[in-house]
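Visitor: Could you take me through one part of this model up close? I'd like to see how the pieces around the sheet fit together.

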Amino acid sequence: MADIQITETLDCSGLLCPMPVVKTNKAMKKLNVGDVLEMIATDPGSIPDMEAWAKQTGHELLEAKEEGGKYRFLIKKTH
Amino acid sequence: MSEQDKRRRLAIIASKGSLDWAYPPFILATAAGAMDWEVAIFFTFYGLPLLKKKLDAAVSPLGNPAMPMKMPFGPLEKIDLPIPNLIMSTVPGFQQMTTALMKKTFKKKGVASIEELRDMAVEMDVRLIGCQMTMDVFGFKKEDFIDEAEIGGAATFLEFAADANVTLFI
C-alpha cells in the first residue's frame, strides 16, 4: 500500500447523496483499468455508500477514511 | 461485477409529483445508475408532471405535519419552527414560500435539484416512461414532456419489472 499512484482527483466536497457516487462512477468511466481515482467528500454517508458502490461495481476500494472532517477514498479501476 | 454479467435492475413507479416526493425516485434511479444498474421509472398519476419540459414541482405543508420547517439562513436557522399547517397552508402564497424555502435549504445543504437529477438520469440512460392512461385523463401531450421520455402503459412497466431485482412504488 506504500506507493499508490493517483491518476485523478475528484472533489465532491459539499455534495450530498447521491452525487458522490454518481460523480465517482462518471469519473471512473474516463479512466483506464488499473488507474486510481482519489475522491474527496464531506458527506458522512459517503463511507457506507462508497463501500456499497464498490461492491456493486466491482471496483476496488483501496482506502476509505476520514481526514480532518473530510472523507478520502482511493478507488482502483478493475474492469 | 464485470460487464458480461447480467446487470442488476431497478424498477420504480413514481406516483407523486410534489417537490419532496419527486426526490426519492430520482435519487434512487441515479444511485442505481451510478452502480451500472439498468433502471426504469414509470411516471403515473401525479408523478407524470415530473416528465414535463419545465418542472414546477411544489411542496405544501398542508396535511404534512411531520415536515420540519427551519429557516435556511438568518438568525432562525437553528430553531425549529413548528408550522400550524392547517391554518398557515390556507394563507395565499404560503405554498410558494414553503417551496422556495425547501429549494433554498436543499441547495445550501448540497442536495442536487430535481432538474439536475433528472438530467443525470437521462445521461445514464434511465428509461423514463410516461403513463399513457394518465396523459389521456389529465390531458397531457407527448410534446409536453422531455424528448427522452417514452410513453407506455402498465404492461410496458411490468415487462421491465418482471426481471427487476428491486421494484419500488413511490
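Guide: Sure! Let's start with a single pair of residues in this predicted model: D11(A) stands opposite I40(A), which belongs to β2(A). That pair is a good way into the two strands here: β1, covering residues 8-12 of chain A, and β2, covering residues 36-41 of chain A, pair in the parallel sense over five bridges. In general, strands of a sheet pair through backbone hydrogen bonds, either parallel or antiparallel.

Now follow the chain from one strand to the other. Helix α1 of chain A, residues 19-29, joins β1(A) and β2(A) in a right-handed β-α-β unit.

Zoom out a little, and you'll find an open sheet of four strands in chain A, ordered β1-β2-β4-β3, with mixed pairing. At its edges sit β1 and β3 (60-67) of chain A, each pairing on one side only. Ignoring direction, neighbouring strands in this sheet are turned by 15° against each other on average.

Back to our helix: α1(A) packs on the sheet and touches β1, β2 and β4 (70-76) of chain A, while its direction makes about 160° with that of β1(A). There's also helix α2 of chain A, residues 46-57, lying across β2, β3 and β4 of chain A and running at about 180° to β3(A).

How values were computed: Residues are numbered from 1 along each chain as its sequence is written. Chains are lettered from A and ligands numbered from 1 in the order in which they are written. This is a predicted model: local features need pLDDT of at least 70, side-chain atom pairs count only at pLDDT 80 or more; totals for chains, interfaces and linings use all residues. Two strands pair if DSSP finds at least two bridges between them. A crossover is right-handed if, with the strands pointing away from the viewer, the path from the first strand over the helix to the second runs clockwise. Axes are lines fitted to C-alpha atoms, for helices over the stretch in contact, and angles run from 0 to 180 degrees between N-to-C directions. Two residues are in contact if their C-beta atoms, placed from the backbone, lie within 7 Å.
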